[in-house]
Amino acid sequence: MTTDRTSDRTSDRAPDRAPTPNSLDSVLRDVLRVYDHRYLGLDRAQRERLMDGTRRLIGEEGLSEAARAAMPASARLRAFCIQHGLREELERLIRDEVEGSPAGAVVVGGRIYAMYPYLRGVPRQDADITAEVGVEHRLDAVSWQGRRVRIRGVAALQRVETNHTAVDVVLRERTSGKEHGFPAGPRPDGGRGFEAVADPAAVEPGRWDVHVAATALGVTREARFGSVRAEGLRTGPQRRAAGQKDVAVYFTRGGHLALFVTEAPGAASPLARLLRRFRL
């Protein structure tokens with residue numbers, strides 16, 4: 001007697017699964033990445049087909065909160081343009097980014113929002129770039145001024161246009177995380193940017209990485225300093241005694257500015273200094 005096992009095989013087969021919201025969000029993020037120079041290289045018909053397919057992925061309700069939270073503002077704004085059929089605005093958005101001319105930004109209530117005058121009706125959360133804004137910076141000069149280290153450069157919040165930016169140079173010890181801050185002021189030579197003078201005698205022995213902090217309109221951003229620098233800037237170590245410290249100003253392997261501070265020989269012992277002074 002034979003047995004029909006068709007029903008058994010059917011029941012053992014895993015049921016077809018509809019795409020989950022998470023998988024759809026992942027696919028959508030991948031598709032939106034194509035809207036760069038590659039999109040600009042398509043002809044009109046190809047652009048239309050790509051936008052139609054992407055619009056179906058987005059859906060009539062627009063981005064989910066999970067998808068929105070996982071995307072940078074540039075992707076959220078692309079989705080907005082695609083959902084609402086804003087072809088010219090989408091092309092301009094992409095072209096500005098490709099050409100290195102991103103839109104400016106405004107600070108409102110401690111949040112930073114990208115400004116696109118040609119985009120109307122963009123939800124505020126889609127234009128929010130608070131988490132994406134860093135510091136634009138450049139080291140122009142570093143040298144000794146007596147027993148102190150003079151640092152000149154430029155630092156400002158990315159994309160935020162303002163005439164009032166406060167800058168601080170921060171020394172942070174690599175192991176302990178201890179900090180010493182030195183406020184910067186305008187350059188006395190009238191050049192653009194800031195000048196700060198750090199006193200290594202005021203810090204403990206250790207390796208101190210140099211950071212720059214820029215504050216404007218109540219928003220502060222910080223970055224390691226020195227990897228972006230003026231052409232021809234001297235990068236060899238500069239050593240000098242500062243009080244009872246021996247200090248080397250140098251650049252790390254990653255190109256960042258740092259100070260190596262050690263106790264000068266005999267500095268920890270007053271008796272040794274007295275004996276050395278009188279050659280005893």
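In this predicted model, Val-108 stands opposite Arg-111, a residue of strand 2. The pairing to which these residues belong joins strand 1 (residues 105–108) with strand 2 (residues 111–114) in the antiparallel sense, and four bridges connect the two. Two residues lie between the strands of this hairpin, and one of the features found there is a positive phi, near 60°, at Gly-109.

From the hairpin it is a pleasant step back to the protein as a whole. Nine helices and 13 strands are present. The protein has 280 residues, of which 38% count as buried. Among contacts with a separation of 6 or more, 59% are made by residues 24 or more positions apart. The accessible surface amounts to about 16700 Å², and carbon and sulfur atoms hold 49% of that area.

Helix 4 rewards a detailed look. Spanning residues 44–58, helix 4 contains 15 residues, and the distance from its first C-alpha to its last is 21 Å, close to the 21 Å expected at 1.5 Å a residue. Which residues of helix 4 are buried? They are Arg-47, Met-51, Thr-54 and Ile-58. Because these residues cover an arc of only 70° around the axis, they fall on the same side of helix 4. Arg-49 and Arg-56, by contrast, are exposed on the other side of the helix. Arginine thus appears in both settings, with Arg-47 buried and Arg-49 exposed.

The two ends of helix 4 can be described as well. At the start, Asp-43 places a side-chain oxygen within 3.2 Å of the backbone nitrogen of Ala-45. After the helix comes Gly-59, with a positive phi near 85°.

Another arginine, Arg-76, sits in helix 6, which covers residues 73–83. Is Arg-76 buried or exposed? Its relative accessibility is 7%, so Arg-76 counts as buried, the cut-off for this class being under 20%. The side chain of Arg-76 also has a polar partner: it reaches the backbone oxygen of Gln-125 at 3.3 Å. Leaving aside residues up to four places away in sequence, Arg-76 touches Leu-63, Arg-68, Met-71, Gln-125, Asp-126, Asp-128 and Glu-132. Gln-125 therefore appears both as a residue touched by Arg-76 and as the owner of the backbone oxygen that the arginine side chain reaches, while the buried state of Arg-76 follows from its 7% relative accessibility.

How values were computed: Residues are numbered from 1 along each chain as its sequence is written. This is a predicted model: local features need pLDDT of at least 70, side-chain atom pairs count only at pLDDT 80 or more; totals for chains, interfaces and linings use all residues. Side-chain values use heavy atoms; hydrogens and water are left out. The expected span of a helix is 1.5 Å times one less than its number of residues. Buried means under 20% relative accessible area, exposed over 50%, partly exposed in between (1.4 Å probe, protein chains only). The arc is that of the directions from the helix axis to the C-beta atoms. A polar contact is a pair of N or O atoms within 3.5 Å; within protein, one must be able to donate a hydrogen and the other to accept it, and residues adjacent in sequence count only if both atoms are side-chain atoms. Contact means heavy atoms within 4.5 Å. Two strands pair if DSSP finds at least two bridges between them. Accessible areas come from the Shrake-Rupley method with a 1.4 Å probe; for residues, only the protein chains shown count as cover.
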